[in-house]
Amino acid sequence: MSQAAETPQGLPAPSDDQVRALLPPSLQVERHGEVAVLRLTRAAKRNALNDPTVLGIETFFSTPPAGVKAVVLDAEGDHFCAGLDLSELTERDAFEGLEHSMMWHRAFARLERGRLPVVAVLKGAVIGGGLELASAAHIRVAEPSAFYALPEGQRGLFVGGGASVRVPRLIGVHRMADMMLTGRVVGADEGQALGLSHYLTGPGGGLAKALELARAIAANSPVTNFAVLQALPRIAEANPAEGYLMESLMAAVATGSTEAKERMQAFLQGRAGKVQGR
Ligand SMILES: COc1cc(/C=C/C(=O)SCCNC(=O)CCNC(=O)[C@H](O)C(C)(C)COP(=O)(O)OP(=O)(O)OC[C@H]2O[C@@H](n3cnc4c(N)ncnc43)[C@H](O)[C@@H]2OP(=O)(O)O)ccc1O
């Protein structure tokens, strides 16, 4: 498996600067070795998601920069994301609403089912579309300031970025119905207990923890990471017989990979087991 030296189309993977040139001002890319930090930079609007930002997320995860093995999704300011930019939807009719929701689905699917593991740093508001974005990440690290809500009912809306599929898988349909019907605010402790976050740090500790996790993930075999991202969600949804078959197929691919051979040899010979992905 390629380490993103090239795109799936066989073209050279873009440099950091080439990717930056494709992104809107509301998104910034910062490089930490094999980890890229993709940051929402619309703090003045509490990182509310407008169309350019959502399309930029799709662009980044469609053609991530060369050499990136894991991504941290971070946000400028005190809030992760206040959800949909409400100033955008007021003039749209139902058909445009359908297209808009499907555009969000495409972007967040690129994030969730791409080849790069994504660790999100949650703080302050993780509201509406902000929770939809967060729930597409593979690991969520929350700071004590994080709070979650689905106030779509108060705005006359319905979730449109995949939350009705992803969030019930985290907390159950009954709790999702509670959040959607009441619009109530779920604090960081409750969010951690419910499963909205994987880790809860001390104040301001989210980015450091996310970078630590992302570096550990980047050091894994990309074959294993790819299997976790692509196969695990499908195995979890399959019936047991299909699940076991998919597991065996992924185990076979991993076992046969150069990556596995080199890593196991390195372990057995007492060498550091880090090799380039194939
Ligand atoms: C239907 O098809 C869909 C739907 C969707 C997804 C839907 C949703 O996400 S619904 C939820 C929308 N979000 C909200 O209702 C949250 C609104 N914001 C707040 O409650 C607060 O701003 C806060 C996040 C708690 C922060 O409070 P505070 O720090 O006091 O900041 P403010 O003074 O309130 O705001 C500062 C500044 O930001 C602007 N702003 C905040 N949130 C939004 C927003 N969501 N949209 C636009 N602008 C926002 C606010 O107006 C202020 O602006 P100024 O110019 O006045 O400074 C998905 C896809 C579909 O197809």
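Two exercises follow on a predicted model, one on a sheet and one on a ligand site.

**Exercise 1. Work out the order of the strands in the open sheet, and find which strands stand at the edges.**

Step 1. Lay out the strands. The open sheet has three, in the order β5-β7-β8. Its pairing is mixed.

Step 2. Find the edges. β5 (125-127) and β8 (186-187) each have a single partner strand, so one side of each lacks a neighbour in the sheet.

Step 3. Check one pairing. β5 and β7 (residues 147-149) run in the parallel sense and share three bridges. Within this pair, Val126 stands opposite Tyr148 of β7.

Step 4. Add the helix. α5 (residues 129-136) lies across β5 and β7. The angle between α5 and β5 is about 90°.

**Exercise 2. Describe the shell around the ligand: its residues, its backbone contacts and the elements that supply it.**

Step 1. Take the nearest residues. The ligand has 25 residues around it, and Lys45, Ala82, His100, Gly129 and Arg155 come nearest.

Step 2. Sort the shell by character. It holds 12 nonpolar, seven polar and six charged residues.

Step 3. Trace the sources. α3 (86-89), α4 (94-112), β5, α5 and α6 (152-155) each supply at least two shell residues. The largest share, three residues, comes from α4.

Step 4. List backbone contacts. Each uses a backbone N or O atom.
- Ala82: 2.8 Å from a ligand nitrogen atom.
- Leu84: 2.9 Å from a ligand nitrogen atom.
- Gly129: 2.8 Å from a ligand oxygen atom.

Step 5. Gauge the burial. The ligand alone exposes 1,100 Å², and the protein buries 67% of that.

Conventions:
Residues numbered from 1 in each chain as written. Predicted model: local features only at pLDDT ≥ 70, side-chain atom pairs only at ≥ 80, totals over all residues. Heavy atoms only, no water. Pairing = 2+ DSSP bridges. Helix = DSSP H or I, 4+ residues; strand = E, 2+ residues; numbered from the N terminus. Contact = heavy atoms within 4.5 Å. Axes fitted to C-alpha atoms, helices over the stretch in contact; angles between N-to-C directions. Near = heavy atom within 4 Å. Polar contact = N/O pair within 3.5 Å; in protein donor to acceptor, adjacent residues only side chain to side chain. Areas by Shrake-Rupley, 256 points an atom, 1.4 Å probe, with all protein chains shown as cover. Nonpolar A, V, L, I, M, F, W, Y, C, P; charged D, E, K, R; others polar.
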